[in-house]
Amino acid sequence: MHITDTIADMLTRIRNANNAKHDTVDIPASNMKKAIAQILLDEGYIKSFNVVQQDGNQGIIHVVLKYGQGKTPVIQGLRRVSKPGLRIYTSCEDMPRVMKGLGIAILSTNRGVMTDKQARKEHVGGEVLAFIW
């Protein structure tokens, strides 16, 4: 089975594992997904991740999910914004705020994958990949 939107697949796997209260989730690796996982780690939405290399293949990202008191998930919501059929771009001035600043938007810019806060600080725009809160 060929997956058209690999970023949406990654977010769906994380959302499903989060709702089922799993401790870990495995995702097929790519450089974009590694960058998104690094942002999730830096922002405190996941505990850790590591890339398990397989011989000749792309490898697997092994993500350890983070929970609060009573197994309440840290990630309350994930939403894919820009899709292969409809790309959504934004400038620095029109950057979206997720949950009035409580969540983050992940952007793909010409300087790499970054959060909306970093993009505002560096004064760059780009493609809005996802909202996480």
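Here is a friendly exchange between a colleague and a modeller about the chain shown above.

Colleague: Before we start, what kind of model is this, and how are residues numbered?

Modeller: This is a predicted model, in which local features need pLDDT of at least 70, side-chain atom pairs count only at pLDDT 80 or more, and totals for chains, interfaces and linings use all residues. Side-chain values use heavy atoms, with hydrogens and water left out, and residues are numbered along each chain as its sequence is written, from 1.

Colleague: Thanks! In what order do the helices and strands follow one another along the protein chain?

Modeller: Helices (H or I, at least four residues) and strands (E, at least two) are DSSP runs, numbered from the N terminus. The protein chain holds 3 helices and 8 strands. Read along the sequence, the pattern is α-β-α-β-β-β-β-β-β-α-β.

Colleague: What radius of gyration does the protein chain have, set beside the value for a compact globule?

Modeller: The radius is taken over C-alpha atoms, and the globule rule is 2.2 Å times the number of residues to the power 0.38. The C-alpha trace spans about 40 × 40 × 25 Å along its principal axes. For 133 residues the rule gives a radius near 14 Å, and the protein chain agrees with that at 15 Å.

Colleague: What percentage of the residues of the protein chain count as buried?

Modeller: Buried means under 20% relative accessible area, exposed over 50%, and partly exposed in between (1.4 Å probe, protein chains only). Of the 133 residues in the protein chain, the buried part is 40%.

Colleague: And how much of the contacts with a separation of 6 or more comes from residues 24 or more positions apart?

Modeller: Contact here means heavy atoms within 4.5 Å. Among contacts in the protein chain with a separation of 6 or more, the share from residues 24 or more positions apart is 59%.

Colleague: On to charges: how many salt bridges are there?

Modeller: Side chains of opposite charge can pair when their charged atoms come close. The rule asks for a side-chain nitrogen of Lys or Arg within 4 Å of a carboxyl oxygen of Asp or Glu. By this rule the number of salt bridges is 6.

Colleague: Which parts of the protein chain does the pair of Asp5 and Arg80 tie together?

Modeller: The side chains of Asp5 and Arg80 form a salt bridge, at 3.0 Å from N to O. Asp5 is in the segment before α1 (6-19) and Arg80 in strand β4 (residues 78-80), so the pair links parts 75 residues apart in sequence. Both partners, Asp5 and Arg80, are buried.

Colleague: For the salt bridge of Glu127 and Arg87, which is buried and which is partly exposed?

Modeller: The side chains of these two meet at 2.9 Å, N to O. Glu127 belongs to strand β8 (residues 126-132) and Arg87 to the loop between β4 and β5 (89-90), so the pair joins parts 40 residues apart in sequence. Glu127 is buried, at 12% relative accessible area, and Arg87 is partly exposed, at 39%.

Colleague: How far apart in helix α3 are Asp116 and Arg120?

Modeller: Their side chains meet in a salt bridge of 3.7 Å, N to O. Asp116 is buried, with a relative accessible area of 3%, whereas Arg120 is partly exposed at 22%. Within helix α3 (residues 116-122) they are 4 residues apart, about one helical turn.

Colleague: Let's visit Val25: which residues does Val25 touch, not counting those up to four places away in sequence?

Modeller: Val25 sits in strand β1 (residues 24-28) and is buried, at 10% relative accessibility. Its C-alpha atom is 6.0 Å from that of His62, 37 residues apart along the chain. The residues touched are Arg13, Ile14, Ala17, Ile61, His62, Val63 and Leu65.

Colleague: And Arg111: which residues are in contact with Arg111, leaving aside neighbours within four places in sequence?

Modeller: Arg111 lies in the loop between β6 (104-109) and β7 (112-115), and is exposed at 52% relative accessibility. The C-alpha atoms of Arg111 and Glu122 are separated by 9.3 Å. The contacts of Arg111 are Glu122 and Val124.

Colleague: Last one: what is phi of Lys21, and what is phi of Met99?

Modeller: Most residues other than glycine have a negative phi. Lys21, partly exposed at 37%, is in the loop between α1 and β1, while Met99, partly exposed at 46%, is in the loop between β5 and β6. Both have positive values: phi of Lys21 is near 60 degrees, and phi of Met99 is about 50 degrees.
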